[in-house]
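User: Please take a close look at one part of this model, the strand pairing and the nonpolar packing around it. I would like the cut-offs stated along with the description.

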Amino acid sequence: MNEVIKAISERYSCRDFSPEPLSKEQLDTLAAAALAAPSAKNLQPWHIIVVTDKALLEELDSEIVDFLSKDETWIKFLQERGGRAFYNAPCIIFIASDGSEWANLDCGIVSQNIALAAHSMGLGSVICGMARIPLGGENGAEFKKRLKFPEGFVFGMSVCVGKVKNARAPHELDLSKVTYV
């Protein structure tokens, strides 16, 4: 099996990170992997924001947990995952979007590049759409400013990355989801 297919088949959504910070070299490699993503017409409608500021990440996480704690179904989900939305990841990579026609799809491709690069580097990752919650809330403008979102950009996606505390197996493949024509 080639290395790319192996990384795709072994990668899983990590929800248990070690607090150990990533090195500058690891962060730079992840950012480069993000920027290498293809995009419609090569417009690259994104801006990559690598966040390792623990206090800021904890504030964002708390906003998410507070918001989700208003719904009984989310309370159980959070409790099963340690009560944290970012699973104590030491790094969150935000993908800011210019909101153009194909930007959502392109930001999804960027997030997959980051997740696969992280796995190939021996790191864990989880693609995290919940980071949109604090950015769309009452403190959203302030958070966007602190995260250095470019003017006019919106949340596209985010990826939590870090060293794995407790590994687990990837999900089972559901071959019923495939049709050949």
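Analyst: What follows starts with one strand and its partners, then turns to the packing and to the salt bridges of one helix. This is a predicted model, in which local features need pLDDT of at least 70 and side-chain atom pairs count only at pLDDT 80 or more, while totals for chains, interfaces and linings use all residues. Residues are numbered from 1 along each chain as its sequence is written, and side-chain values use heavy atoms, with hydrogens and water left out.

Strand β4 covers residues 154–162 and is mostly covered, since seven of its nine residues are buried; buried means under 20% relative accessible area, exposed over 50%, and partly exposed in between, with a 1.4 Å probe and protein chains only. Helices (H or I, at least four residues) and strands (E, at least two) are DSSP runs numbered from the N terminus, and two strands pair if DSSP finds at least two bridges between them. Strand β2 (residues 91–97) pairs with β4 in the antiparallel sense over seven bridges, and within this pairing I95 stands opposite M157. Strand β3 (residues 124–127) also pairs with β4 in the antiparallel sense, over four bridges, with G124 opposite G162.

The largest nonpolar core (buried Ala, Val, Leu, Ile, Met, Phe, Trp, Tyr and Cys residues joined through side-chain atoms within 4.5 Å) has 30 residues, and those with the most contacts inside it are F86, F94, M130, L147 and C160. At least two residues of this core come from each of β1 (46–51), α3 (54–68), β2, α6 (132–136) and β4, and α3 gives the most, with six residues. Leaving aside residues up to four places away in sequence, F86 touches, among others, L57, L60, I64, I92 and C160, where contact means heavy atoms within 4.5 Å.

Helix α3 also takes part in salt bridges, each defined as a side-chain nitrogen of Lys or Arg within 4 Å of a carboxyl oxygen of Asp or Glu. One of them joins E58 and K54, at 3.1 Å from N to O; these two residues are four apart in α3, and so are separated by about one helical turn. E58 is partly exposed at 37% relative accessible area, whereas K54 is exposed at 56%. E59 and R146 meet in another salt bridge, at 2.8 Å from N to O. Because E59 lies in α3 and R146 in helix α7 (residues 140–146), this pair ties together parts that are 87 residues apart in sequence.
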